[in-house]
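Thanks for sharing this one with me. Here are a few notes to read with the model open beside you.

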Amino acid sequence: MAVLLRTLLRPGRPPGVLGRSLGRREASLGSGSGAAVRVRFAPSPTGFLHLGGLRTALYNYLFAKKHGGSFILRLEDTDQTRLVPGAADNIEDMLEWAGIPPDESPHRGGPRGPYLQSQRLELYAQATEALLKTGAAYPCFCSAQRLELLKKEALRSHQTPRYDNRCRNLSQKQVAEKLAKDPRPAIRFRLQEEAPAFEDLVYGWNRHEVASVEGDPVILKSDGFPTYHLACVVDDHHMGISHVLRGSEWLVSTSKHLLLYQALGLPPPHFAHLPLLLNRDGSKLSKRQGDIFLESFAAAGFLPDALLDIITNCGSGFAENQMGRTLPELIAQFDLTRITCHSALLDLEKLPEFNRLHLRRLVSDETQRRQLVGKLQLLVEEAFGSQLPDRAVLDPANVERILLLRQGHICRLQDLVSPAHSFLWTHPAVGRTQLDAISEQVDVIAKRVLRLLEGPGTSLSQDVLNAELKKLPEGLPGTKYSHVMKLLRVALSGQPQGPPVAEMMVSLGPKEVRERIQKVLSS
């Protein structure tokens, strides 16, 4: 800050000095024209990673991998008052979990680091000094109270709040006098009346005359930390970012950023603003909704591929919408020119079906299936623990058999340890009185079921069982098929509702079914 203050009291220098010096510095790192594609995801660690952030990160990742480029994670932690403990680690951890890890990041490092903006303050100070020297920036001594009064007055008059540029034309003498009283002013950027036009890769040609609707923006706060406007321009240049893919809420600010590039004498990157990801009813995704954070989805058993699939399926960027695309397929099919300006409407009620599809794909792969068996063993242990009749139920072969049999009937691995599937792992506690209340023919029905399962190597398909179970009420006056099914379901699972009886019998296997039916006869 001391260097900046000395700059305030020195005569100006010609524009573009910083741009020339930085240009020379970056030329050796390949940031000039024709350089490889380099994109960045630059969230603020003021909260954990949510679906909206995941979509922005994913589109950057897809674009980078599609063109053989690099995907950079940069954390914009300059608003120190709003940082959430653990959020920075969570963002990177969740990108890893989602299968779209950055090539350069705070954890991984890289040639253009550091990747935390709070560790790059010297760069922002240098850029601010260059802007002050050319007169493109100036110190602002307005108090927070005055700025708040301006805002309230504008709102009272039904106008858009804006800074009135009060400090813009202070003389050097006035600046010196004020510095003596307030040695740490904020620094504002002097907006030009005519903003440059630019061609956004999604929204086409744009120009936003920011000077006519906004006051000069703060680019460096009194605490020495930059605002987003300066930091993103400086960092995108230093990191050699070729394309900026970010949310459409920043589209209007792009003219402001281009003015900053111009004042610093720096070549801007290409811009592509992504339409918003909204709820199915068109409302905005809110970070306050705990269920949109990736941690919640991971804890609930949803697969990363299912999330990547659904957030690309509901938007644009592909020739057609289809369920079940894997990450390599998303990379191959992604086309930036196909992104439209329309918001993407996300229907999370469809997520279980997306997850079912991707879970079946994992089960069909032998290596992935082994990993799922291990996870399911842990889930069963955690859910039932001491209720398990013996350790044999956790035998990998048994767990794998159940997973293969039930794969089309579940949306998440956790579904297999839900109450409806507890019969797979624990023995039901069923009293004879409970069974007699369902049917007077308990013993007869039980013996008929046992005859179906005669022989040590009996193996009945679900179709065969369905056909045989329909014959059980024959010759039993007043006994309905529905009563027989309810009786068997309770006998096998202890629950009046659940999967079809034939499915239950196949899932349990002949040996376990015989033991449970024999227990009915002996009770």
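The points below cover aromatic rings, charges over rings, and one sheet.

1. A word before the details: this is a predicted model, and the values that follow are computed from it.

2. Let's begin with the rings. With ring centres required to lie within 6.5 Å, the model has six aromatic pairs. One of them joins Tyr-61 and Phe-71 edge-to-face, with 5.7 Å from centre to centre and 90 degrees between the planes. Tyr-61 belongs to helix H3 (residues 51-66) and Phe-71 to strand S2 (residues 70-73), so their contact ties together parts that are 10 residues apart in sequence. Both Tyr-61 and Phe-71 are buried.

3. Do have a look at Tyr-59 as well. Ring pairs connect Tyr-59 with Phe-318 and Phe-334 in a cluster. Tyr-59 also has a charged companion: the charged end of Arg-55 sits over its ring, 4.9 Å from the centre.

4. Another arginine is placed over a ring elsewhere in the chain. The charged end of Arg-412 sits over the ring of Phe-302, at 5.8 Å from the ring centre.

5. Now for the sheet. Three strands make up an open sheet, ordered S3-S4-S7, with antiparallel pairing. Strands S3 (137-140) and S7 (218-220) are at the edges and have a single partner strand each, so one side of each lacks a neighbour in the sheet. On average, neighbouring strands here are turned by 45 degrees against each other, direction ignored.

6. Finally, zoom in on one strand pair. S3 and S4 (residues 186-189) pair in the antiparallel sense over four bridges. To find your place, start at Ala-137, whose bridge partner in S4 is Phe-189.

Conventions:
Residues are numbered from 1 along each chain as its sequence is written. This is a predicted model: local features need pLDDT of at least 70, side-chain atom pairs count only at pLDDT 80 or more; totals for chains, interfaces and linings use all residues. Side-chain values use heavy atoms; hydrogens and water are left out. Rings of Phe, Tyr and Trp (its six-membered ring) pair if their centres lie within 6.5 Å; planes under 30 degrees apart count as stacked, over 60 as edge-to-face and the rest as tilted. Helices (H or I, at least four residues) and strands (E, at least two) are DSSP runs, numbered from the N terminus. Buried means under 20% relative accessible area, exposed over 50%, partly exposed in between (1.4 Å probe, protein chains only). A charge sits over a ring if NZ of Lys or CZ of Arg is within 6 Å of the ring centre and within 35 degrees of the ring normal. Two strands pair if DSSP finds at least two bridges between them. Axes are lines fitted to C-alpha atoms, for helices over the stretch in contact, and angles run from 0 to 180 degrees between N-to-C directions.
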